[in-house]
Every structure is written in C-alpha cells, then in structure tokens.
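Hi everyone, thanks for making time this morning. I'd like to walk you through one model, and please stop me whenever you want.

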Amino acid sequence: EVSPPMVMVNPTLWPLTSEGSEQVWESCLSIPGVQVVVKRHSAVGFRAQRLDGVVVQGEARGRLALTMQHEVDHLNGIL
C-alpha cells in the first residue's frame, strides 16, 4: 500500500500496542549499502502540524509506522 506524501512539522509519536517493539532490518539512503537491525513499533499514534499550521493526528501501522519512526529518528539526530 502506497501512502500519499505527508509533511509533518514537530511530529510526536507514541506506541499503540503494549507488546513493545520488534526488531527489523532497516537501511537508509544517508548510508548507502548499510543495513542494521533496529527496534520499531508496528503501530504508532502521531500528532503534528501541517505546513499551514493545522494540527493533524492519527494512527499508522506497518510500513508507514516504521517509516515515521525512521524519519523522526533523523529529526532527533539519530542516523
């Protein structure tokens, strides 16, 4: 499933399940050719602002949840 492009300003994420995180293989275009195992939640809630200042919130599952966590790590200085 392909999600439409989304711009999120100052996003916050939180896990939606009490099961904890799972270990998944992940790579990043910032470090080509490198894959590492990271801990990610399979479902997250999110809250952020759009570029027009409107606050949005919702839930993400699967690949979208993993991608949101990856990108928020970048915003927090984690590569």
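I'll start with the overall picture and then go through some individual residues.

One thing to keep in mind from the start: this is a predicted model. The protein chain has one helix and five strands, and along the sequence they follow the pattern β-β-β-β-β-α. If you lay the C-alpha trace along its principal axes, it spans about 35 × 30 × 25 Å.

Now a few global numbers for those of you who like them. There are 79 residues in the protein chain, and buried ones make up 23% of them. The accessible surface comes to about 5,800 Å², with 54% of that belonging to carbon and sulfur atoms. As for contacts, if we take those with a separation of 6 or more, 52% are between residues 24 or more positions apart. And on charges, we have 6 positive and 8 negative ones, whose mean positions are 3 Å apart.

Let's move to the helix. Please find His-70, which sits in helix α1, residues 63–75. Is His-70 buried or exposed? It is buried, because its relative accessible area is 13%, and the cut-off for buried is under 20%. So which residues does His-70 touch, leaving aside its neighbours within four places in sequence? The answer is Glu-26, Ser-27, Cys-28 and Arg-40. Take Cys-28 from that list: His-70 and Cys-28 are 42 residues apart along the chain, yet their C-alpha atoms are separated by 8.7 Å.

Two other names on that list, Glu-26 and Arg-40, bring me to the salt bridges. The structure holds four of them. In one, the side chains of Glu-26 and Arg-40 meet at 2.8 Å, N to O. Glu-26 lies in strand β2 and Arg-40 in strand β3, so this pair ties together parts that are 14 residues apart in sequence. Both partners are on the buried side of the cut-off: Glu-26 counts as buried at 14% relative accessibility, and Arg-40 is buried with a relative accessible area of 5%.

Next, the side chains of Arg-50 and Asp-52 form a salt bridge at 2.6 Å, again N to O. Arg-50 counts as partly exposed, at 37% relative accessibility, while Asp-52 counts as exposed, at 53%. Then there is the salt bridge between Arg-61 and Glu-59, at 3.1 Å, N to O. Arg-61 is exposed, and so is Glu-59. Going back to the pair we began with, salt bridges that share partners join Glu-26, Arg-40 and Asp-73 into one network.

Let's stay with strand β3 for a moment, since Gln-35 lies there too. Gln-35 counts as exposed, with 53% relative accessibility. Setting aside neighbours within four places in sequence, Gln-35 is in contact with Trp-25, Glu-26 and Ser-27. How far apart are the C-alpha atoms of Gln-35 and Arg-50? They are separated by 31 Å, and the two residues are 15 apart along the chain.

On to the surface. Ile-31, Val-34, Val-36 and Leu-79 make a nonpolar patch of about 330 Å². One of these, Val-34, is found in the loop between β2, residues 22–27, and β3, residues 35–40. Val-34 is partly exposed, at a relative accessible area of 39%.

My last stop is a backbone detail, for the people here who check torsions. Most residues other than glycine have a negative phi. Now look at Asn-10, which has a positive phi of about 50° although it is not a glycine. Where is Asn-10? Asn-10 lies in strand β1, residues 9–15. With a relative accessible area of 62%, Asn-10 is exposed.

Let me leave you with three places to look at on your own screens. Start at His-70 and its contacts with Glu-26 and Arg-40, among others. Then follow the salt-bridge network of Glu-26, Arg-40 and Asp-73. Finally, have a look at Asn-10 and its positive phi. Thanks for listening, and I'm happy to take questions.

Note on methods
Residues are numbered from 1 along each chain as its sequence is written. This is a predicted model: local features need pLDDT of at least 70, side-chain atom pairs count only at pLDDT 80 or more; totals for chains, interfaces and linings use all residues. Side-chain values use heavy atoms; hydrogens and water are left out. Helices (H or I, at least four residues) and strands (E, at least two) are DSSP runs, numbered from the N terminus. Buried means under 20% relative accessible area, exposed over 50%, partly exposed in between (1.4 Å probe, protein chains only). Contact means heavy atoms within 4.5 Å. Patches are made of residues with over 30% relative accessible area and no salt bridge: like charges are joined within 9 Å, nonpolar side chains (Val, Leu, Ile, Met, Phe, Trp, Tyr) within 5 Å. Accessible areas come from the Shrake-Rupley method with a 1.4 Å probe; for residues, only the protein chains shown count as cover. A salt bridge is a side-chain nitrogen of Lys or Arg within 4 Å of a carboxyl oxygen of Asp or Glu. Lys and Arg count as positive and Asp and Glu as negative; His and the chain ends are not counted. The place of a charge is taken as NZ of Lys, CZ of Arg, CG of Asp or CD of Glu.
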